[in-house]
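Student: Could you pick one spot in this protein and give me a close look at it? After that, I'd like to hear how the rest is put together around it, in one go.

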Amino acid sequence: MVFQDALIPYKEILQMYWEKATGFVNAQCDGLEPWQLIGLTLSSTLIGVWLHGFLFQSESLASRTKKQFFKLLRKMPFVGAIIQKKIDEALNDVTSSLSFLKDEKDYIKALPEQGMSQPEVLKKMKEYSSKGDVRWQDGKVSGTVYSGEEKLTHLLVKVYEEFAWSNPLHPDIFPGLRKMEAEVVRVACTLFNGGPNSCGAMTSGGTESILMACKAYRDLAYERGIKQPEMLVPVSAHAAFDKAAHYFGLKLIHIPLTKAMEVDVQAMRRAISKNTAMLVCSAPQFPHGIMDPIEEVAELAVKYKIPFHVDACLGGFLIAFMDKAGFPLKHPFDFRVKGVTSISADTHKYGYAPKGSSVVLYSDKKYRSYQFFIAPDWQGGIYASPSVAGSRPGGIIAACWATLMHIGESGYVEATKRIIKTARFIESELRKIDSIFILGKPEVSVLSIGSDTFDIYRLSNFLAAKGWNLNVLQFPSSIHLCITQLHTKPGVAEQFLKDVKDSIEDIMKDLSAKTTGMGAIYGMAQSVPDRSLVAEISQAYLDGLYSTDVPCSEKHMNGSPRHH
């Protein structure tokens with residue numbers, strides 16, 4: 001009774017304002033005919049619906065406004081011509097920097113009238129396989145080939161031969177292949193400490209594994225009544241999350257990093273809303289090899305009842321063995337952490353299986369069901385597939401299974417020991433060089449190098465001249481080396497460190513020299529505010545992948561007589 005009496009003054013105040021508001025509206029409508037009132041109501045409703053659709057889209061209003069501004073700017077007669085000229089120059093630079101187009105004199109553009117004999121085909125194949133200047137076998141490539149061990153290669157060839165014509169789309173015809181795939185998934189669940197209800201699927205690679213998790217959580221969000229699902233993703237997370245957002249109509253909210261290059265947990269907490277469909281962390285992330293604070297983000301996932309995906313595509317089959325290899329991680333990362341609902345891990349990286357195999361794992365089958373696609377009414381029969389592809393190469397699945405069985409736990413532990421030991425050695429030696437620094441505190445196999453003294457892309461160019469092929473990064477400018485089994489061979493790490501020191505010594509002799517080649521392109525790309533221009537220039541690279549035109553010119557970059 002006392003509480004109701006206390007509300008009386010507030011009720012009277014609200015009633016007074018309500019009477020004023022209704023009086024104002026009635027005064028404005030005085031003299032209007034009924035059809036006019038109906039028209040105003042209808043038009044106001046339509047404007048409101050349009051405004052809501054305009055403001056609340058998967059892409060932010062600021063981003064769309066920025067794009068529209070630059071689009072209009074490019075249409076201006078004088079300014080547009082200047083911009084187009086610069087774009088054309090950049091496109092020419094990109095095309096001339098594509099090493100894989102170099103020295104190509106002719107292409108096969110039609111089927112041979114008469115088929116080649118097997119010896120002829122094999123001879124042609126050898127010719128194609130010998131192309132290129134970079135010899136990954138020497139351990140001078142960042143990542144890319146994670147094993148390359150000759151005996152394993154021979155085994156995989158035999159396995160693929162046995163299953164070359166198999167297809168998991170037909171488990172009744174290839175039951176042994178079905179069993180292999182199921183066992184690969186179960187082995188991975190065990191490795192990542194999944195419970196009895198944990199499950200998963202094989203995919204064609206890390207990108208598809210990430211896409212599948214995003215698709216699953218999008219559909220789960222729809223079922224929960226979220227009409228515009230959002231995913232909170234660190235800026236360092238793999239670009240496959242951007243691709244998933246683009247493909248599946250998700251709104252991507254990038255979360256900044258701390259100075260330690262880990263995702264900012266407080267920023268992620270502030271970004272959580274009623275539309276949040278999933279949280280993301282990396283273990284480790286690709287650019288700098290840093291482990292995100294998974295336990296802290298998992299607490300947010302539990303508190304707000306949001307699915308939480310851990311992307312371990314790069315290092316999953318390293319970090320799973322680091323404890324037994326004598327290099328325990330500071331914090332757990334897998335299904336032991338309450339709140340982690342899914343994990344992606346590539347068997348074709350540190351699992352040493354051939355390219356085209358990965359796994360996406362879930363803590364419970366209730367999540368995986370949202371990944372599946374089923375078309376129950378197709379005239380061709382009930383169509384059901386677990387991932388993006390329908391038909392899949394059974395030979396890759398069988399080769400992945402064979403790799404896991406052949407190497408075994410002891411083999412993975414030993415390989416992990418060699419790789420982490422090599423990574424720690426290279427890191428300790430690089431930190432002794434004054435003019436460069438290591439970004440963050442990497443725990444696994446990736447070392448990202450930056451510099452406040454000179455343009456780090458020049459170091460990439462100089463190392464390329466010495467036969468090295470490193471990853472070029474941006475925001476901030478840096479390059480990284482992803483250590484694999486090939487780098488653990490005798491003398492490879494020492495040669496890398498020597499070449500880095502020698503290159504820096506040459507760079508320091510002329511700090512004012514301009515960066516050329518791909519380094520210059522990356523430097524330019526970071527400074528362009530209109531990111532659509534960068535995307536347009538990047539399309540030249542993708543077009544180049546399918547080019548069958550003979551290149552007409554060559555350009556060189558400083559520090560190298562060859563292309564990067």
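Tutor: Let's start at serine 236, which you'll find in the loop between strand E2 (230-234) and helix H9 (240-248). Keep in mind throughout that this is a predicted model. Is serine 236 buried or exposed? Its relative accessibility is 5%, so serine 236 counts as buried, the cut-off being 20%. And what does serine 236 touch, once residues up to four places away in sequence are set aside? The list is Leu257, Gln285, Phe286 and Pro287.

For a contrast, try another loop serine. Serine 369 sits in the loop that runs from helix H13 (365-368) to strand E8 (373-375). With a relative accessible area of 40%, serine 369 is partly exposed. Proline 386 lies 17 residues from serine 369 in sequence, and the C-alpha atoms of the two are 8.8 Å apart.

Now zoom out for a moment. The protein has 564 residues, and 44% of them count as buried. Its secondary structure comes to 18 helices and 13 strands. Of the contacts with a separation of 6 or more, 72% are between residues 24 or more positions apart. The accessible surface is about 31100 Å², with carbon and sulfur atoms making up 59% of that.

On to the inside. In soluble globular proteins, nonpolar side chains tend to be buried together. Here the largest nonpolar core has 96 residues, and the members that touch the most others are Leu279, Phe308, Leu430 and Phe496. Helix H14 (residues 394-430) supplies the largest share of this core, 15 residues. There's also a second, separate core of 26 residues, with Ala240, Val280, Val360 and Tyr370 among them. Phe308 is worth clicking on: leaving out residues up to four places away in sequence, phenylalanine 308 touches Tyr217, Leu279 and Val280, among others. So Phe308, from the largest core, is in contact with Val280, which is a member of the second one.

Tyr217 brings us to the aromatics. A search of the whole structure turns up 10 aromatic pairs. In one of them, the ring centres of tyrosine 217 and tyrosine 367 are 6.0 Å apart and the planes make an angle of 80 degrees, so the pair is edge-to-face. This pair ties together distant parts of the chain, with tyrosine 217 in helix H8 (residues 206-223) and tyrosine 367 in helix H13, 150 residues apart. Tyrosine 217 and tyrosine 367 are both buried. Elsewhere, ring pairs join Tyr146, Phe321, Tyr350, Tyr352 and Tyr412 into a cluster. If you like charge-over-ring arrangements, look at lysine 131: its charged end sits over the ring of tyrosine 128, 5.9 Å from the centre.

Next, the sheet. Four strands form an open sheet in the order E10-E11-E13-E12, with antiparallel pairing. Strands E10 (437-438) and E12 are at the edges with a single partner strand each, so one side of each has no neighbour in the sheet. Strand E13 (residues 478-482) is mostly covered, with 5 of its 5 residues buried. In a regular strand the side chains alternate between the two faces of the sheet. In E13, Ser478, His480 and Cys482 point one way while Ile479 and Leu481 point the other.

How does E13 pair with E11 (residues 446-450)? The two run antiparallel, over 4 bridges. Across that pairing, serine 448 stands opposite histidine 480, and isoleucine 449 stands opposite isoleucine 479. E13 is also antiparallel to strand E12 (residues 471-473), over 3 bridges, with leucine 473 opposite serine 478. The hairpin of E12 and E13 has 4 residues between the strands, and phenylalanine 475 there takes a positive phi near 50 degrees.

One last stop, further along the chain: valine 492, in helix H16 (residues 492-508). Its relative accessible area is 10%, so valine 492 is buried. Not counting residues up to four places away in sequence, valine 492 touches Asp138, Gly139, Trp468, Leu486 and His487. Threonine 422 is 70 residues away from valine 492 in sequence, with a C-alpha to C-alpha distance of 9.7 Å.

Conventions: Residues numbered from 1 in each chain as written. Heavy atoms only, no water. Buried < 20%, exposed > 50% of the residue type's maximum accessible area, 1.4 Å probe, protein only. Pairing = 2+ DSSP bridges. Contact = heavy atoms within 4.5 Å. Areas by Shrake-Rupley, 256 points an atom, 1.4 Å probe, with all protein chains shown as cover. Core = buried A, V, L, I, M, F, W, Y, C linked by side-chain atoms within 4.5 Å. Phe/Tyr/Trp six-rings, centres within 6.5 Å; stacked < 30°, edge-to-face > 60°. Lys NZ or Arg CZ within 6 Å of the ring centre and 35° of its normal.
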